[in-house]
Amino acid sequence: MDKQPLFGLSLQKIKYVVASLALPSFTATQITDWLYKKHVSSIDEMTNLSKKARELLNEKFIVGLTAPSNVQTSTDGTKKYLYPTATEKFVEAAYIPDEDRATLCVSSQIGCKMGCLFCMTGKQGFQGNLTAGEIVNQIQSLPEFENLTNIVYMGMGEPLDNLQPVLDSLEILTASWGYGWSPKRITVSTIGVIPAMQTFLKQSNAHLAVSMHTPFDDERKRIMPIQSVYGISEVVSELRKWDFSHQRRVSFEYIMFKGVNDTPRHAREIVRLLEGIRCRINLIRFHPIPDTALEGTPYNDMVEFQNMLKARGMTVTIRASRGEDIYAACGMLSTKELVKRQQEPDF
Amino acid sequence: MAEKRKIYKKSIHSIKEIAQNVFVLSFARNFEFRAGQVVAVDVVTDGEPRLYSIASGELDEYIEILFDEKPDGKLTPKLSALLPGDTIYVSEPFGNFICNDESAWWIASGTGVAPFVSMVRSGQEIGKILIHGGRYDENFYFSDLLENKLSGNYIRCATQQADSAYYKGRLTGWLREQSFLPTELKYYLCGSPEMVVEVRDILISRHIPFGQIISETYF
């Protein structure tokens, strides 16, 4: 039987492991300490555990860290790492250093089920969920781990379509027995899977980013299939019920497509839709993907759009475009690595 | 259920296995809906409900849902084990994968045919072409109804059945072989994300504006 990874287990789950091996209960906190604070890569390095405890653990478990198998480096310092998964697939994590911060964009799924028109990950289809360990591994095994200031769940996959592992990974990152990070350093993105979003908002204090991309329900349906089930106006209605005036922040992601969602009509509707919600809007340049029917809005037009929103009192940023020379948008590298997608026999 | 939608406690009227591991479950209708909408279904009130397209006509006495039992699924093994009279919890209908009476092409894989069955049963089949992909002939669910209502406008593509009486191959293969795909019509896609993404790419490569492609993926 394959040995199971300890990395990615919560304190509660490690307590079960410890109990199953008839080890003293305090061993659980010793193990989480080694995993998430001292960052060991083998059970033998857990030197304050008894020899017997290490032997018992080694029989059934490994730490389970996985180093990236490939990296591309942009001229602007952005790096895109490719991580192999337990199922012999690949996911990406993008390391984005800036002046006083360094952000890692992590993946939550292998591929994605959402099929957004503008997304390269969607072209892979859905190949599986990541475990909490595979999510946190992207952070722990990053060569620049010590530099990290922020984590964003905006890589491959829809985080709230893999809710429990994402919540488990957030617990590991923020718990005192884990990495002890402030949830204010973490942002989870969603396209608006409403029931999972409600659970996330109840159970985590991390920031939320919602992919809007157009404020009009009918238009959104043409670029984001999720709109057929959970409409953006319904997502926003749900968000009105939550308090974003204190520590937790909600932002709306808005990739700008030329002639599609960048008109004054769109700006006015965004203002109307978000009225009364304390939020930020992030305007994002479109990284064109192969065979796309969409074009990015020119930068000057993005500034004009930003100004229209600002003039109506909105907080709006234009996200700096990073790593364009290495296709830093999610899905680009791993899709290239897929030698041949399995033929789906169902259609 | 986590959603704030109205939840109905329903007694199962019938459950039938119509193909290997594929079931049709029905319960009495006590709400109005539009063909193409979904309901959230669960066997408990505090679980993680799953969404299913309604396969019934808008005026039918019973609501039918079509589901594929996944051995490692959280809900479908429980659903398939239910018997008439057992209880399930069903949300009010929602979603806007709505087609109406306009001419259109419908493209489905597997159980993704359900919303189109609902549309046919609601009298929306005029001017429609349905292309359905499945592994075997038995996977062309509701084929009697669809053949009757759509006749020559009902294309079946069987990927695994060598002696199929229908198109042998993937529906994407069928689409690629067509010398003409109308560019002025809407295309409604429902099924696996892989199918939706690949079909959408084919349609866009054939100069169909993306604004005319409406999709719903399983998730």
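# A guided tour of chains A and B

Begin by selecting chain A: of its 347 residues, 48% are buried (a residue is buried if 20 or more other C-beta atoms, placed from the backbone, lie within 10 Å of its own). This is a predicted model, in which local features need pLDDT of at least 70 and side-chain atom pairs count only at pLDDT 80 or more, while totals for chains, interfaces and linings use all residues. Residues are numbered from 1 along each chain as its sequence is written, and chains are lettered from A and ligands numbered from 1 in the order in which they are written.

**Chain A as a whole**

Display chain A as a cartoon; 11 helices and 14 strands should be found (DSSP runs numbered from the N terminus, helices being H or I of at least four residues and strands E of at least two). The radius of gyration of chain A is 21 Å, close to the 20 Å of the globule rule for 347 residues, so the chain is as compact as a globular protein of that length (the radius is taken over C-alpha atoms, and the rule is 2.2 Å times the number of residues to the power 0.38). Along the principal axes, the C-alpha atoms of chain A occupy a box of roughly 70 × 45 × 45 Å.

**The sheet of chain A**

Next, select the open sheet of 10 strands in chain A, whose order is β3-β4-β5-β6-β9-β10-β11-β12-β13-β14, with mixed pairing (two strands pair if DSSP finds at least two bridges between them). At its edges stand β3 (70–73) and β14 (315–319) of chain A, each with a single partner strand, so one side of each has no neighbour in the sheet.

Move to residues 279–285 of chain A, strand β13, which pairs with β14(A) in the parallel sense over five bridges. Here Leu283(A) stands opposite Ile318(A) in β14(A).

**A strand of chain B and its partners**

Now select residues 186–191 of chain B. Five of the six residues of this strand, β11, are buried, so the rest of the structure largely encloses it.

Add residues 104–109 of chain B, strand β7, which runs parallel to β11(B) and is joined to it by five bridges. Ala104(B) has Lys186(B) in β11(B) as its bridge partner.

Then add strand β12, residues 213–217 of chain B, which also pairs with β11(B) in the parallel sense over five bridges. Tyr187(B) stands opposite Ile213(B) in β12(B). Finally, follow the chain from β11(B) through helix α5 (residues 193–205) of chain B to β12(B): this β-α-β crossover is right-handed (with the strands pointing away from the viewer, the path from the first strand over the helix to the second runs clockwise).

How values were computed:
A residue is buried if 20 or more other C-beta atoms lie within 10 Å of its own, exposed if 12 or fewer, and partly exposed in between; C-beta atoms are placed from the backbone.
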